[in-house]
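Reader: Got a minute to go through this one with me? I'd like to start with the surface and then poke around.
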Amino acid sequence: MAVAIRLSRGGAKKRPYYRIVVSDSRSPRDGKYLEQIGTYNPMLPKDSGERVKLDEDRARHWLSVGATPSDRVHRFLDAAGILERAPKNNPKKGEPGEAAKERAEEKAAKAAEAEEAAKAAEEEAQNAETAEAEAPAEEAAAEEAPAEEAAAEEAPAEEAAEEDKGE
């Protein structure tokens with residue numbers, strides 16, 4: 001007979017309360033058990049001493065006989081210092097799934113397109129500013145040239161008028 005140390009659920013709906021029991025591994029979760037060796041109340045705070053109560057002597061006895069604890073009970077036994085539990089390592093646990101990876105790629109592509117568009121708009125603005133800066137300088141030079149020409153034309157006319165007066 002394979003013996004397991006596991007939790008048997010009790011309590012009301014949405015108010016769980018568990019017994020730590022030793023039972024035949026083939027019996028139902030809440031069914032017949034060989035012995036109750038403790039209780040677990042997940043509704044209490046984690047630092048509460050009443051959260052997990054365990055008869056350590058009986059737990060050691062059943063482990064020596066060959067009972068295998070469930071994962072949760074194994075954690076309780078490790079916390080009590082009865083049975084050493086190796087930490088589990090699942091490197092893929094934090095890795096996103098296929099659909100999440102696709103969404104991230106699409107988001108990155110959209111961000112890259114937006115960044116390129118922003119750079120292009122910025123370059124256009126700079127080009128427009130430089131073109132505006134160059135255009136007024138050319139216009140100012142073009143406006144000064146006719147003014148100088150007009151002044152040059154008026155100067156000989158004035159000189160000729162002075163000469164006529166002087167004669």
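Reader: So what does the accessible surface of the chain come to?

Author: About 12,900 Å², and carbon and sulfur atoms hold 49% of that. Keep in mind that this is a predicted model.

Reader: And how much of the chain counts as buried?

Author: 19% of the 167 residues.

Reader: OK, fold next. How many helices and strands does the chain have?

Author: Three helices and five strands.

Reader: What pattern do they follow along the sequence?

Author: It reads β-β-β-β-α-β-α-α.

Reader: What share of the contacts with a separation of 6 or more is between residues 24 or more positions apart?

Author: Those account for 30%.

Reader: Switching to pockets. How much space lies in the largest pocket?

Author: About 290 Å³. The lining is made of 13 residues, and the closest to the pocket centre are Val 52, Arg 75, Phe 76, Ala 79 and Ala 80.

Reader: Which elements give two or more residues to that lining?

Author: β4, which covers 52-54, and α2, which covers 71-80. The biggest contributor is α2, with five residues.

Reader: How does the lining divide into nonpolar, polar and charged?

Author: Six residues are nonpolar, six are charged and one is polar.

Reader: Speaking of charges, how many salt bridges does the structure hold?

Author: Eight. One of them joins Glu 50 to Lys 53, with an N to O distance of 2.9 Å.

Reader: Is that Glu 50 buried, exposed or partly exposed, and why?

Author: Glu 50 counts as partly exposed because its relative accessibility is 47%, and the class in between runs from the 20% cut-off for buried to the 50% one for exposed. Lys 53 is partly exposed too, at 43%.

Reader: Which residue does Asp 30 form a salt bridge with?

Author: Arg 29, and their closest N and O atoms are 2.8 Å apart. Asp 30 has 41% relative accessibility, so it counts as partly exposed. For Arg 29 the relative accessible area is 48%, which again means partly exposed.

Reader: Got another pair? What do the side chains of Glu 95 and Lys 101 do?

Author: They meet in a salt bridge, at 3.2 Å from N to O. Glu 95 has a relative accessible area of 43%, so this residue is partly exposed. Lys 101 is at 32% relative accessibility and counts as partly exposed as well.

Reader: Great, that covers my list.

Technical notes: Residues are numbered from 1 along each chain as its sequence is written. This is a predicted model: local features need pLDDT of at least 70, side-chain atom pairs count only at pLDDT 80 or more; totals for chains, interfaces and linings use all residues. Side-chain values use heavy atoms; hydrogens and water are left out. On a 1 Å grid over the protein atoms alone, a cavity is a set of points where a 1.4 Å probe fits but cannot get out, and a pocket is an open set with protein on both sides within 12 Å along at least five of seven lines; lining residues have an atom within 4 Å of a point. Grid points are joined across faces, edges and corners, and a volume is the space filled by probe spheres set on the points. Helices (H or I, at least four residues) and strands (E, at least two) are DSSP runs, numbered from the N terminus. Ala, Val, Leu, Ile, Met, Phe, Trp, Tyr, Cys and Pro count as nonpolar, Asp, Glu, Lys and Arg as charged, and the others, Gly among them, as polar. Buried means under 20% relative accessible area, exposed over 50%, partly exposed in between (1.4 Å probe, protein chains only). Contact means heavy atoms within 4.5 Å. Accessible areas come from the Shrake-Rupley method with a 1.4 Å probe; for residues, only the protein chains shown count as cover. A salt bridge is a side-chain nitrogen of Lys or Arg within 4 Å of a carboxyl oxygen of Asp or Glu.
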